[in-house]
Amino acid sequence: MMKKPIKLIMTDLDGTLLTDDKKVTERTREAIRKVKKQGVLFGIATGRAIEPVQILSKQWQIDDLIDVYIGYNGSQYYDVKEDYYESTDLLPGSCMEEIMDHLRKNNADCEFMIYLSKDFLVYTSGVTPEVERVARNNFFEIRVCDMKEFVRGKEYEKLLATCHKDYMPALMKIADTLPKNGYRVCTSTPNLMEFMDPVVSKTYGIEKVCRHRGFE
């Protein structure tokens, strides 16, 4: 039985593409160049938004090597060569209101955030060192607002709750009591909890690429 040729290689960032000091080595860049010479597409699949990663890819000196980006754990897809973009499976505002109400009623010590990555903005219920870190790492400007009013009647890729890392176990216990009607919960860093559509995952995002490109 003949092996099918490799058509696509996708990588995450932290602990895979990047070193411990958040850099891409020349050895890694050369490996990417070699597979691309064989006609293999190369891309990044991350929980971050695509737009900040595009800026970082220039700093890592790999922006000219990337064919596709998957962002927001699979909601966002951008095909560089075809200049094709889509953002799907968004979380309804009603779900986000339910989450925020539940966490606040249980006295959760956290702040909520929504990214508007195309505008490089993060909307938040309050400014903390954790919110400032997120904004700095993603090149976002901070906007404080009434988050329930902000999401009402709208849809976004995900809702985020941020807290001090020592409080995260307590926040996880509160989140475990959520009804989880139409969304799933995960923690992406010691300070960050994310709520998104249940179908969204990096695997799901990669499947988008394969369908769009006509790969089996």
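Hi everyone, let's start in the middle of a sheet: strand 4 and strand 5 (residues 84-87) run antiparallel to each other and pair over four bridges. Strands here are DSSP runs of E with at least two residues, helices are runs of H or I with at least four, and both are numbered from the N terminus. Two strands count as paired if DSSP finds at least two bridges between them.

Before going on, a word on the source. This is a predicted model, where local features need pLDDT of at least 70 and side-chain atom pairs count only at pLDDT 80 or more, while totals for chains, interfaces and linings use all residues. Residues are numbered from 1 along each chain as its sequence is written, and side-chain values use heavy atoms, with hydrogens and water left out.

Back to our strands. Across from Y84 in strand 5 stands D79. The hairpin of strand 4 and strand 5 has four residues between the strands, and D83 there takes a positive phi near 50°. D83 is not a glycine, and most residues other than glycine have a negative phi. Is D83 buried or exposed? It counts as exposed, because its relative accessibility is 57%; the cut-offs are under 20% relative accessible area for buried, over 50% for exposed and partly exposed in between, with a 1.4 Å probe and protein chains only.

On the other side, strand 4 pairs with strand 3 (residues 68-71), again in the antiparallel sense and over four bridges. Y78 in strand 4 is the bridge partner of Y69. This hairpin also has four residues between its strands, and Y72 in the turn has a positive phi of about 50°. N73, in the loop between strand 3 and strand 4, has a positive phi of about 65° without being a glycine. At 11% relative accessibility, N73 is buried. And strand 4 itself (residues 76-79) is covered on both faces: Q76 and Y78 are buried on one side, Y77 and D79 on the other.

Now look at E86, in strand 5. With 19% relative accessibility, E86 counts as buried. Its side chain makes a polar contact of 2.4 Å with that of Y84. By polar contact I mean N or O atoms within 3.5 Å; within protein, one must be able to donate a hydrogen and the other to accept it, and residues adjacent in sequence count only if both atoms are side-chain atoms. Leaving aside neighbours within four places in sequence, E86 is in contact (heavy atoms within 4.5 Å) with S75, Q76, Y77 and K208.

Next, the aromatics. Rings of Phe, Tyr and Trp (its six-membered ring) pair if their centres lie within 6.5 Å; planes under 30 degrees apart are stacked, over 60 edge-to-face, and the rest tilted. How many aromatic pairs does that rule give? Six. One of them is F120 with F140: the ring centres are 6.3 Å apart and the planes at 65°, so this pair is edge-to-face. F120 sits in the loop between strand 7 (111-116) and strand 8 (121-124), and F140, 20 residues apart from it, in the loop between helix 5 (129-138) and strand 9 (141-144). F120 is partly exposed at 24% relative accessibility, whereas F140 is buried at 7% relative accessible area. Ring pairs join both of them with Y72 and Y115 in a cluster.

That's my tour, thanks for listening!
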